[in-house]
Amino acid sequence: MEREGRMISDWLDQYGDPEIYAFVEKNLAIVDKVHTVLETKGWSKAQLAEAMGKSPSEVSKWLSGMHNLTLKSIIKMEAALGIDLIHCEPVKEYEYVFLGFLSNMEDLKTKSEEYTQTTEPEEFSIAM
Amino acid sequence: MVNYYTVKLDEDDLSLFGQFQRKHSHENSEKLEHIIAWIAIIGRKYGAKSIYFRNEAETADTAALPPRNPNLEPTYIEWDNETETGETNNLRLYAFRVNEHVVFLFNGDVKTADKAQNCPNVRGHFKLANKLTAVIETCLRNGDIDWNDDRTDIFFDKNLELNW
């Protein structure tokens, strides 16, 4: 009897196809999230099927983790459960955030020049 | 998250899971890859929940991969609803899912009949997996295989032999 060691990761490194790995990984992510939400809601797979107007066996097939889910079936589950299963974020190169206007620049420049950083402890009095 | 173990028979150079990998790396590489990726991902992210295995118990609590797809047999890995065509994964890897953290991986083959008992390819692997599952269950009960405190891993003598 022996520990599996690196047989699985080594095999994937040597023979693995990233597309198959990604297919299984994304499929499992969706299925696991649906199962978690069903548990939280206290729903059975049959109740989910009813909410989507689908047969329980079809929904079981979707949630087997080995089914090639269509976008339509993912959206049906999202709508029935009220969750997002896929997030698509726009690609951003830059994001500009408006912080406000600066006025009295001369005063700010003087303050920044007068600023000194110290490691000495300082005492502050608090107005009560 | 999941600790995988395998078993080596006296007369063999490779462990049972090693034999499975070696044989199907060339003969059924894509089907094998779906199973290996599945093992790796549930191992890393989700744990060995029972829903991620199929029940193959005959005389003991043996399981197998890939999980059952209740509507279609054998399990489809790619399925097009419109054309109703797809590629099937009838490769079976027999296993003993001890709990969500410990799984024994045995051997398997391409299943060509409805029942494992009727398939010349997998019958031997199925029977052996059930026998090994029973022996390991006994070792867990009598302490030859022991649990860590939070039952996330097992300990055993490195020379432990499974006898039946």
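This is a short tour of a predicted model with two chains, A and B, one selection at a time.

**Stop 1: how sure is the predictor?**

Colour chain B by pLDDT before you do anything else. The average for chain B is 87, and 88% of the residues score at least 70. Now pick out β7(B), where confidence in chain B is highest, at 96, and then strand β4 (residues 76-80), where it is lowest, at a mean of 55. Select residues 70-76 of chain B too: pLDDT stays under 50 there, and the model has 24 contacts beyond four places in sequence for this stretch. For the complex, the predictor gives an ipTM of 0.75 and a pTM of 0.77.

**Stop 2: where the chains touch**

Show both chains and select the contact between them. How many residues does each chain bring to the contact? Chain A gives 29 residues and chain B gives 42. On the chain A side, click through β1 (2-3), α1 (7-15), α2 (18-41) and α4 (56-62), which each give two or more residues. Linger on α2(A), since the largest share of that side, 7 residues, comes from there. Colour the chain A side by residue type and you'll get 11 nonpolar, 10 polar and 8 charged residues.

**Stop 3: strands side by side**

Select β1(A) along with strand β1 (residues 3-6) of chain B. They pair in the antiparallel sense, over 2 bridges. Which residue in β1(B) does A:E2 stand opposite? It's B:T6. A:R3, meanwhile, stands opposite B:Y5.

Keep B:Y5 selected and look towards β7(B), where its bridge partner is B:F104. β1(B) and β7(B) run parallel and are joined by 4 bridges.

**Stop 4: into the nonpolar core**

Hang on to B:F104, because it leads into the next selection. It is one of four residues, with B:A95, B:V103 and B:F106, that touch the most other members of the largest nonpolar core, which has 45 residues. Both chains take part: α1 of chain A gives two or more residues, and so do α1 (16-27), α2 (29-46), β3 (63-65), β6 (91-97), β7 (102-110) and α3 (123-142) of chain B. Which element gives the most? That's α2(B), with 10 residues.

Now click B:A95. Leaving aside neighbours within four places in sequence, B:A95 is in contact with B:F53, B:A63, B:A64, B:L65, B:V103, B:F104, B:L105 and B:F106. Another core lies apart from the largest one, with 9 residues, among them A:V34, A:L48, A:A49 and A:V59.

**Stop 5: along helix α3 of chain B**

Select α3(B), which has 20 residues and reaches 29 Å from its first C-alpha to its last, close to the 28 Å expected. Its buried residues are B:H125, B:F126, B:A129, B:N130, B:L132, B:T133 and B:I136. An α-helix has 3.6 residues a turn, so residues three or four places apart point the same way. Add β6, β7 and β8 (145-147) of chain B to the view, and you'll see some of what covers those buried residues.

Zoom in on B:I136, which is found in this helix. Is B:I136 buried or exposed? It counts as buried because 24 other C-beta atoms lie within 10 Å, and the cut-off is 20 or more. Beyond four places in sequence, B:I136 is in contact with B:F96, B:F104, B:I145 and B:L162. Try the distance tool on B:I136 and B:L162: they are 26 residues apart along the chain, yet their C-alpha atoms are separated by 7.5 Å.

Last click: B:G143, just after α3(B), takes a positive phi of about 90°.

How values were computed:
Residues numbered from 1 in each chain as written. Chains lettered and ligands numbered in written order. Predicted model: local features only at pLDDT ≥ 70, side-chain atom pairs only at ≥ 80, totals over all residues. Contact = placed C-beta atoms within 7 Å. Nonpolar A, V, L, I, M, F, W, Y, C, P; charged D, E, K, R; others polar. Pairing = 2+ DSSP bridges. Core = buried A, V, L, I, M, F, W, Y, C linked by C-beta atoms within 7 Å. Buried ≥ 20, exposed ≤ 12 C-beta atoms within 10 Å, placed from the backbone. pLDDT = per-residue confidence, 0-100. Expected span 1.5 Å × (residues − 1).
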